[in-house]
Amino acid sequence: MKYFNYEEFDSPDTKSGGQMMSKKLLSKLDMIREEFGKPIHINSGYRTEAHNKKVGGTSKSSHLKGLAVDISCKNSLDRFKLVNLFMKYGITRIGVADTFIHIDIDKDKSQHVIWTY
């Protein structure tokens, strides 16, 4: 990866959890970061079951499979740019909150959806 390291995707309660992340998702994130032109901060990547429960994640969270990330985003201009880039690079599961954007590439879930928190 050019713009990220695996540790950014670790679950806080385990080392090397970032290695559990989907290589396909990480590759897409690197391309998105290149085109976005400024740093992207990862709030959450891979999660252990214990950490997922602690943060209120669902039992079927895509974070448990290394197929999801939450990205810090606190302004509407960046949110607009990032959502467009996610779709451009084939990420079709997007959740938008006030301070972050969730993306995942979990094929076991509905595709072409955007939701809010």
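Here are some friendly notes on this predicted model, point by point.

1. **The nonpolar core.** A good place to start is the largest nonpolar core, which has 26 residues. Within this core, Leu29, Phe86 and Ile103 have the most contacts. At least two residues of the core come from each of helix 1 (23-36), strand 2 (68-72), helix 3 (76-88), strand 3 (93-96) and strand 4. Helix 1 gives the most, with 5 residues.

2. **Isoleucine 103.** If you would like to look at one of those core residues, try isoleucine 103. Leaving out residues up to four places away in sequence, Ile103 touches Leu25, Leu29, Leu67, Ala68, Val69, Ile71, Phe86, Ile91, Arg93 and Ile94. Two of the residues with the most contacts inside the core, Leu29 and Phe86, are thus among the partners of Ile103.

3. **Isoleucine 101.** This residue is found in strand 4. Is isoleucine 101 buried or exposed? Its relative accessibility is 0%, so isoleucine 101 counts as buried. Residues up to four places away in sequence aside, Ile101 touches Val69, Asp70, Ile71, Cys73, Arg79, Leu82, Val83, Phe86, Ile94 and Gly95. For a distance to check on screen, the C-alpha atoms of isoleucine 101 and tyrosine 89 are separated by 15 Å, with the two residues 12 apart along the chain.

4. **Aspartate 78.** You will find aspartate 78 in helix 3. Here is a charged residue that counts as buried, because its relative accessibility is 12% and the cut-off for buried is under 20%. Neighbours within four places in sequence aside, Asp78 is in contact with Phe36, Lys38 and Cys73.

5. **The largest pocket.** About 260 Å³ of space lies in this pocket. Its lining is made up of 17 residues, and those nearest the centre are Arg47, Ser61, His63, His102 and Tyr117. By type, the lining residues divide into 4 nonpolar, 8 polar and 5 charged. Which element gives the most to the lining? Strand 4 (residues 100-104) does, with 3 residues.

6. **The aromatic residues.** The structure holds 3 aromatic pairs. In one of them, the ring centres of phenylalanine 100 and tyrosine 117 are 5.2 Å apart and the planes meet at 40°, so the pair is tilted. Phenylalanine 100 lies in strand 4 and tyrosine 117 in the segment after strand 5 (113-116), so this pair ties together parts that are 17 residues apart in sequence. Phe100, Trp115 and Tyr117 form one aromatic cluster. Tyrosine 117 deserves a second look: it counts as exposed, at 55% relative accessibility, and is also among the residues nearest the centre of the largest pocket.

7. **Two positive phi angles.** Please also look at the backbone of serine 16 and histidine 112. Serine 16 is not a glycine, yet it has a positive phi of about 65°. Serine 16 sits in the segment before helix 1 and is partly exposed, with a relative accessible area of 47%. Histidine 112 is not a glycine either, and its phi is positive at about 60°. Histidine 112 lies in the loop between strand 4 and strand 5, and is exposed, with a relative accessible area of 69%.

Terms used: Residues numbered from 1 in each chain as written. Predicted model: local features only at pLDDT ≥ 70, side-chain atom pairs only at ≥ 80, totals over all residues. Heavy atoms only, no water. 1 Å grid on protein atoms, 1.4 Å probe; cavity = no way out; pocket = protein on both sides within 12 Å on 5 of 7 lines; lining within 4 Å. Points joined across faces, edges and corners; volume = space filled by probe spheres on them. Helix = DSSP H or I, 4+ residues; strand = E, 2+ residues; numbered from the N terminus. Phe/Tyr/Trp six-rings, centres within 6.5 Å; stacked < 30°, edge-to-face > 60°. Buried < 20%, exposed > 50% of the residue type's maximum accessible area, 1.4 Å probe, protein only. Core = buried A, V, L, I, M, F, W, Y, C linked by side-chain atoms within 4.5 Å. Contact = heavy atoms within 4.5 Å.
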